[in-house]
Amino acid sequence: MNNFSHYCPTRLVFGEGTIAHLERLVPESKRVLLTYGQGSIKRNGVYQQVMEALTRCEVFTFGGIEPNPQYATLLEAVAACREHRVELLLAVGGGSVLDGTKFVAAAHYFEGDDPWAILEGARVSRALPIGTVLTLPATGSESNPNAVISRDEIREKSHFGSELVIPEFAILDPSTTFSLDARQTANGIVDAFVHVLEQYVTYDVNTPLQDRQAEAILSTLVEEGPKALAHPHDYDARANVMWCATQALNGLLACGTVGDWATHMIGHELTALWGLDHARSLAVVLPGVWRHERARKRDKLMKMGARVWGIVDGDAETRVEATIERTVQFMHDLGVSTSPADYGIPPEGFVEVASRLAARGMRLGERGHLGRDEVVAILKLCA
Ligand code: NZQ
Ligand code: ZN
């Protein structure tokens, strides 16, 4: 097992009716900026619940944060923080609202000319405190240090991470997710599923506990995900999916293990260039990464195949192939296509994706051995 340091300070408040806990979680008379997306929280009653719980605070609002949150919009939120002398940011929504709010929290204290530098590696030395009410289980953003920000005018999608932007608390009320449509529900299941795979299907460093934790999340998503899709108001299914998604990327599975993340890095480029939903970009890329890396990932692919899919017959090659096919089938069963063509990605675009990653000096995969040529080869294997 590798050495690690795990820091997860977020208070998680889970269950139906827990938005009312905001009254206790947010100190009286705080100046709060409630950040949200494009209106789902007003349609499903979450906004009203939040406002009712915060009557003793001074609440300002900032709506309009887009899916794949846009830098220009977030700069307006930074200005709103200054104008209202905000003391706490309360992000209410999915990963995009949470990530965007993390950026606002860090940019608030940024001292240079252009806070985009944060996305290029500038150190975050201070941030506004953040609380969250999560309405879309997927990213794990509610209790992790990461944020992914998009800037369409330069076709970039970049991430930063800082312990200073880990939310202080996260309210996880599964009933807020009843209003998710099939597309977003499936996206969340696929994103959480791939977060686990990025940290599990690498190479073995003797971490049997972490492997079983990963398998537990994968198997639970396989069991509960389709129920949530088929029955959007099934509280237990929604609750189980929500808890899986939080666990999938709260840092626990990374403890002592080796991370891949090539699928995510390539996927972010697909979103920057062709606008795919984040989860769908992962569904496109993952099979290509696995096919390309099948020899190096063989042991973990076989372990996953056996323990999650029950694939135990045949020689190693047969089992690896069956594991890849079964995983692709799972995405298809959720209604998520894995074909680049279905998202309008032309084969001529593969080189551009690889070149953009190479231009940033990125070498991907758990061994850092995937450069420009390998990324092109991976994308060809996706098609
Ligand atoms: O904007 P509103 O109106 O709120 O609608 C949203 C949006 O249209 C809607 N939605 C959210 N909750 C809802 C709802 N609709 C009905 N009922 C509800 N309860 O869903 C749409 C998508 O929301 P979004 O926040 O974009 O989705 P998601 O949570 O999948 O977040 C995706 C973003 O997170 C980043 C992605 O790159 C992408 O930008 N990621 C963040 C990570 C992290 N912070 O650790 C890791 C991930 O790998 C990922 O990269
Ligand atoms: Zn993801």
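**Figure 1. Two domains meet around ligand 1.** The shell around ligand 1 takes at least three residues from domain 1 (11–177) and at least three from domain 2 (182–380). Keep in mind that this is a predicted model, here and in every view below. In total, 31 residues surround ligand 1, and the closest are Gln38, Ser40, Gly95, Ser96 and Lys157. Sorted by character, the shell around ligand 1 comes out as 21 polar, 7 nonpolar and 3 charged residues.

**Figure 2. Polar contacts hand ligand 1 over to the protein side chains.** Start with Ser96: an N or O atom in its side chain sits 2.5 Å from an oxygen atom of ligand 1. His195 does something similar, with a side-chain N or O atom 2.8 Å from an oxygen atom of ligand 1. For Thr135, the partner is a nitrogen atom of ligand 1, which lies 2.8 Å from a polar side-chain atom of that residue. How much of ligand 1 does the protein bury? On its own ligand 1 exposes 970 Å², and the protein buries 90% of that. Helices α5 (95–107), α6 (182–200) and α9, plus strand β6 (146–151), are the elements that each give two or more residues to the shell around ligand 1.

**Figure 3. Four side chains hold the zinc ion (ligand 2).** Which residues coordinate the zinc ion (ligand 2)? They are Asp191, through OD, and His195, His264 and His278, each through NE2, at 2.0 to 2.1 Å. Read along the sequence, the donor residues follow the spacing D-x3-H-x68-H-x13-H. His264 belongs to helix α9 (residues 262–274) and His278 to helix α10 (residues 278–292), so this pair ties together parts that are 14 residues apart in sequence. His195 turns up in two views: it coordinates the zinc ion (ligand 2), and its side chain also has an N or O atom 2.8 Å from an oxygen atom of ligand 1.

**Figure 4. A closer look at the histidines of α9 and α10.** Are these histidines buried or exposed? His264 has a relative accessibility of 6%, so it counts as buried. His278 is buried too, because its relative accessible area is 17% and the cut-off for buried is under 20%. His268, another residue of helix α9, is buried at 6% relative accessibility. Although His268 and His278 are 10 residues apart along the chain, their C-alpha atoms are separated by 7.1 Å.

**Figure 5. Lys300, a lysine tucked inside.** Lys300 is part of helix α11 (residues 298–309). With a relative accessibility of 4%, Lys300 counts as buried. What lies 2.9 Å from a polar atom of the Lys300 side chain? It is the backbone oxygen of Tyr200.

**Figure 6. Two loop residues with positive phi.** Arg155 is not a glycine, yet it has a positive phi of about 50°. You'll find Arg155 in the loop between β6 and β7 (156–161), where it is partly exposed with a relative accessible area of 39%. Asn206, also not a glycine, has a positive phi of about 60°. This one lies in the loop between α6 and α7 (208–230). Asn206 is exposed, at a relative accessible area of 57%.

Note on methods. Residues are numbered from 1 along each chain as its sequence is written. Chains are lettered from A and ligands numbered from 1 in the order in which they are written. This is a predicted model: local features need pLDDT of at least 70, side-chain atom pairs count only at pLDDT 80 or more; totals for chains, interfaces and linings use all residues. Side-chain values use heavy atoms; hydrogens and water are left out. Donors are N, O and S atoms within 2.8 Å of the metal (3.2 Å for Na, K and Ca); water is not among the atoms, so sites may look incomplete. Helices (H or I, at least four residues) and strands (E, at least two) are DSSP runs, numbered from the N terminus. Buried means under 20% relative accessible area, exposed over 50%, partly exposed in between (1.4 Å probe, protein chains only). A residue is near a molecule or strand if one of its heavy atoms lies within 4 Å of it. A polar contact is a pair of N or O atoms within 3.5 Å; within protein, one must be able to donate a hydrogen and the other to accept it, and residues adjacent in sequence count only if both atoms are side-chain atoms. Accessible areas come from the Shrake-Rupley method with a 1.4 Å probe; for residues, only the protein chains shown count as cover. Ala, Val, Leu, Ile, Met, Phe, Trp, Tyr, Cys and Pro count as nonpolar, Asp, Glu, Lys and Arg as charged, and the others, Gly among them, as polar. Domain bounds come from an automatic or database domain assignment.
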